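Colleague: Could you pick one part of this model and take me through it closely, along with what lies around it? Plain language is fine, I'm more at home at the bench.

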Amino acid sequence: MPDARTVAQHYGHGELVDAIRRGIERLGKSVADVQIDDLAPVDEFHVGGRIATEAFLDQLGIDESHHVLDVGCGLGGGSRFAAHRYGCRVTGVDLTPEYVSAGKLLCEWVTLDARIQLQVEDATALPQRADTFDRAYMMHVGMNVADKPSLAAELYRVVKPGGRVGIYDIMKSSDGELTFPVPWAMRPDGSSVSSPATYKAALEEAGFHLVAERDRREFALEFFADLQAKVAHASGPPPLGLHILMGETASVKVKNMIENISRGLLAPVELVAEKRR
Ligand SMILES: C[S@@+](CC[C@H](N)C(=O)[O-])C[C@H]1O[C@@H](n2cnc3c(N)ncnc32)[C@H](O)[C@@H]1O
């Protein structure tokens with residue numbers, strides 16, 4: 001069962017900002033002219049990257065008047081995308097201090113820091129007052145959160161009545177032993193993957209009602225097939241990519257993800273739920 005220290009240790013890199021800066025330079029750019037689209041390959045740490053973010057967040061009806069919570073924001077790629085696309089304000093919270101400090105710099109580099117605030121917080125014990133956010137979402141975070149009822153209760157508390165919450169997580173599709181390491185855990189004790197039924201029960205128990213559900217298994221398999229084709233034709237990793245975040249075990253983690261999804265054990269799933277007025 002992952003705790004805060006295990007999570008921060010798992011995702012901690014040590015020299016993340018330097019690694020990203022080197023990647024930007026390899027693109028022929030600098031922190032003065034880098035754009036959010038340049039950063040997307042490294043700062044969208046979920047299956048399908050930016051394409052998946054867009055398809056997921058577009059369901060939440062976010063507009064420029066909204067204050068949005070990005071739960072487990074990582075480097076804040078989703079936060080920057082949301083602020084840029086919808087013109088909203090975003091607060092991102094994450095357990096990994098290195099991601100939050102690097103994410104703040106990335107927001108400054110692309111001049112979105114005035115509208116995005118990133119902070120180190122635990123999603124199951126948020127400091128924000130009740131009814132603070134118009135929308136909340138999380139992408140690929142719940143696999144590290146054992147206590148889904150507390151997570152759902154916190155989301156319900158901080159979202160305003162009439163507000164929506166979106167979840168895009170890797171969920172358990174059937175029983176069976178997963179192959180590790182995976183991107184969110186080196187071993188089974190770092191993983192808390194749950195079924196869509198468990199998420200839905202937690203959301204409903206908290207008070208939400210479900211408005212949409214979409215299994216993204218086929219999308220994921222196509223995404224990985226495309227990725228493998230690109231890797232086969234490339235002479236090495238691209239300047240910026242998730243290999244920077246996943247480190248030396250990146251290729252085995254991706255291979256195991258493909259295996260776990262292909263065997264029908266895991267699938268990325270989107271859930272959208274609403275807090276009644
Ligand atoms: C796979 S990354 C996804 C990051 C980001 N959502 C994205 O899609 O790029 C999972 C993130 O969840 C964060 N996390 C895990 N458990 C958390 C918790 N209880 N509260 C806040 N963040 C958490 C980790 O620190 C990590 O940054």
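Modeller: Quick bit of vocabulary before we start: Ala, Val, Leu, Ile, Met, Phe, Trp, Tyr, Cys and Pro count as nonpolar, Asp, Glu, Lys and Arg as charged, and the others, Gly among them, as polar. Also keep in mind that this is a predicted model.

With those classes, the shell around the ligand has 13 nonpolar, 9 polar and 3 charged residues. That shell is made of 25 residues, and the closest to the ligand are Phe45, Gly72, Gly74, Thr96 and Ala123. Where do they come from? Helix α1 (4-11), helix α5 (77-86) and strand β2 (89-94) each supply at least two of the shell residues.

Strand β2 leads us to the part I'd like to look at closely, the sheet. It is an open sheet of 7 strands with mixed pairing, and the order is β3-β2-β1-β4-β5-β7-β6. The edges are β3 and β6, each of which pairs on one side only. On average, neighbouring strands are turned by 15° against each other, direction ignored. Over at the β3 edge, helix α6 (residues 97-109) lies across β2 and β3, and α6 runs at about 165° to β3.

Now go to the other end of the order and zoom in on β7, residues 266-275. Of its 10 residues, 9 are buried, so this strand is mostly covered. On one side, β7 is joined to β5 (residues 159-172) by 9 bridges, and the two run antiparallel. To find your place in that pairing, look for isoleucine 167, whose bridge partner in β7 is leucine 271. With β6 (residues 208-215), β7 shares 7 bridges, again antiparallel. Phenylalanine 208 stands opposite lysine 275 of β7, and aspartate 215 stands opposite valine 269. As a reminder for reading any such strand, side chains in a regular strand alternate between the two faces of the sheet.

What about the nonpolar packing? The largest nonpolar core has 80 residues, and those touching the most other members are Val68, Val71, Ala82, Ala136, Tyr137, Leu155 and Val165. Take alanine 82: leaving out residues up to four places away in sequence, it touches Leu57, Ile62, Val68, Cys88 and Val90.

Finally, the loops that follow some of these strands have a few oddities in their backbone. Most residues other than glycine have a negative phi, and most peptide bonds are trans. Aspartate 131, in the loop between β3 (116-120) and β4 (133-139), has a positive phi of about 60° although it is not a glycine. Aspartate 131 is partly exposed, because 13 other C-beta atoms lie within 10 Å, and "buried" starts at 20. Histidine 140, in the loop between β4 and α7 (148-158), has a positive phi too, near 55°. Histidine 140 counts as buried because it has 21 other C-beta atoms within 10 Å. And past β5, a cis peptide bond joins phenylalanine 180 and proline 181, with omega about 0°; proline 181 sits in the loop between β5 and α8 (196-206).

Methods: Residues are numbered from 1 along each chain as its sequence is written. This is a predicted model: local features need pLDDT of at least 70, side-chain atom pairs count only at pLDDT 80 or more; totals for chains, interfaces and linings use all residues. A residue is near a molecule or strand if its C-beta atom, placed from the backbone, lies within 6 Å of it. Helices (H or I, at least four residues) and strands (E, at least two) are DSSP runs, numbered from the N terminus. A residue is buried if 20 or more other C-beta atoms lie within 10 Å of its own, exposed if 12 or fewer, and partly exposed in between; C-beta atoms are placed from the backbone. Two strands pair if DSSP finds at least two bridges between them. Axes are lines fitted to C-alpha atoms, for helices over the stretch in contact, and angles run from 0 to 180 degrees between N-to-C directions. Two residues are in contact if their C-beta atoms, placed from the backbone, lie within 7 Å. A nonpolar core is a set of buried Ala, Val, Leu, Ile, Met, Phe, Trp, Tyr and Cys residues joined through C-beta atoms within 7 Å.
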